[in-house]
Amino acid sequence: MSLPDKAFPVSWDQFHRDARALAWRIAGSDKEWRGIVCITRGGLVPAAIVSRELNIRLIETVCVASYHDYANQGKMSVIKEVNEELLASEGEDVLIVDDLTDTGKTAEVVRAMLPKAHFATVYAKPKGRPLVDTFITEVSQDTWIYFPWDMGFTYQEPINKDPAG
Ligand SMILES: O=P(O)(O)OC[C@H]1O[C@H](OP(=O)(O)OP(=O)(O)O)[C@H](O)[C@@H]1O
Ligand code: HPA
Ligand SMILES: [Mg+2]
């Protein structure tokens, strides 16, 4: 299993702030959205925050999984597509929300379903960045983002571990 070199831990507080910043940025376009398509599972939390801020009450899901094993991407599986009506619209006036784009593979698959939709993520790594329309923070490709829903409190080694100080 290969682990990225750097860690970017995100607290609930920070995630809420960043997702709200995403909503502010999207609100800047003054567009009327017909609904949100949330990419489960990671997109559920930012979609809840963005839908509250922008007063969007129609929420659809697309269920995609590819990181079956922590930090290692495997085969992409689409567990559930969006409904027929949205597919027929090609995503016109639809906002797609996910927590992040990394290699961009998830974004590529969902974009192919809804080519006219606006794709928004809270975080973006360089490889995935060209596939999203709006994001808040860029994180380097060799960094793993640790989301608050995946974490618990644990002891942290001090930076200087020498008992003599
Ligand atoms: O740009 P990519 O390299 O495709 O990676 C990004 C995707 O990976 C994660 O989802 P994951 O497949 O782990 O499922 P989850 O949302 O259920 O955790 C994350 O939530 C994104 O959807
Ligand atoms: O950096 C990441 N963090 C959490 N989930 C992910 N899925 C792809 N990349 C990441
Ligand atoms: Mg996901």
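**Helix H1, two aspartates and the shell of ligand 2**

On one side of helix H1, Asp13, Trp24 and Ala27 are exposed, while the buried residues of this helix are Phe15, Ala19, Leu22, Ala23 and Ile26. Seen down the axis of H1 in this predicted model, the buried residues fall within an arc of 100 degrees, so they line one face of the helix. These buried residues pack against helix H2 (44-54), strand S5 and strand S6 (118-124). Helix H1 itself runs over residues 12-27, and its 16 residues reach 22 Å from the first C-alpha to the last, close to the 22 Å expected at 1.5 Å a residue.

Strand S5, which covers residues 94-101, holds aspartate 98. Because 29 other C-beta atoms lie within 10 Å of its own, aspartate 98 counts as buried, and, when residues up to four places away in sequence are not counted, aspartate 98 touches Ile39, Gly42, Gly43, Thr106 and Thr121.

Aspartate 102 is placed in the loop between S5 and helix H4 (105-113). It is likewise buried, because 24 other C-beta atoms lie within 10 Å; leaving aside neighbours within four places in sequence, aspartate 102 is in contact with Lys125, Lys127 and Gly128. In an unreviewed entry, UniProt lists both aspartates under "binding site", together with residues including Arg41, Gly42, Lys105 and Thr106.

Aspartate 102 also belongs to the surroundings of ligand 2, along with Tyr67, Leu100, Trp144, Ile145 and Phe147. By class, this shell around ligand 2 has 5 nonpolar residues, no polar residues and 1 charged residue.

Key:
Residues numbered from 1 in each chain as written. Chains lettered and ligands numbered in written order. Predicted model: local features only at pLDDT ≥ 70, side-chain atom pairs only at ≥ 80, totals over all residues. Near = placed C-beta within 6 Å. Nonpolar A, V, L, I, M, F, W, Y, C, P; charged D, E, K, R; others polar. UniProt positions renumbered as here; feature names shortened; annotations may be inferred. Helix = DSSP H or I, 4+ residues; strand = E, 2+ residues; numbered from the N terminus. Buried ≥ 20, exposed ≤ 12 C-beta atoms within 10 Å, placed from the backbone. Contact = placed C-beta atoms within 7 Å. Expected span 1.5 Å × (residues − 1). Arc of directions from axis to C-beta.
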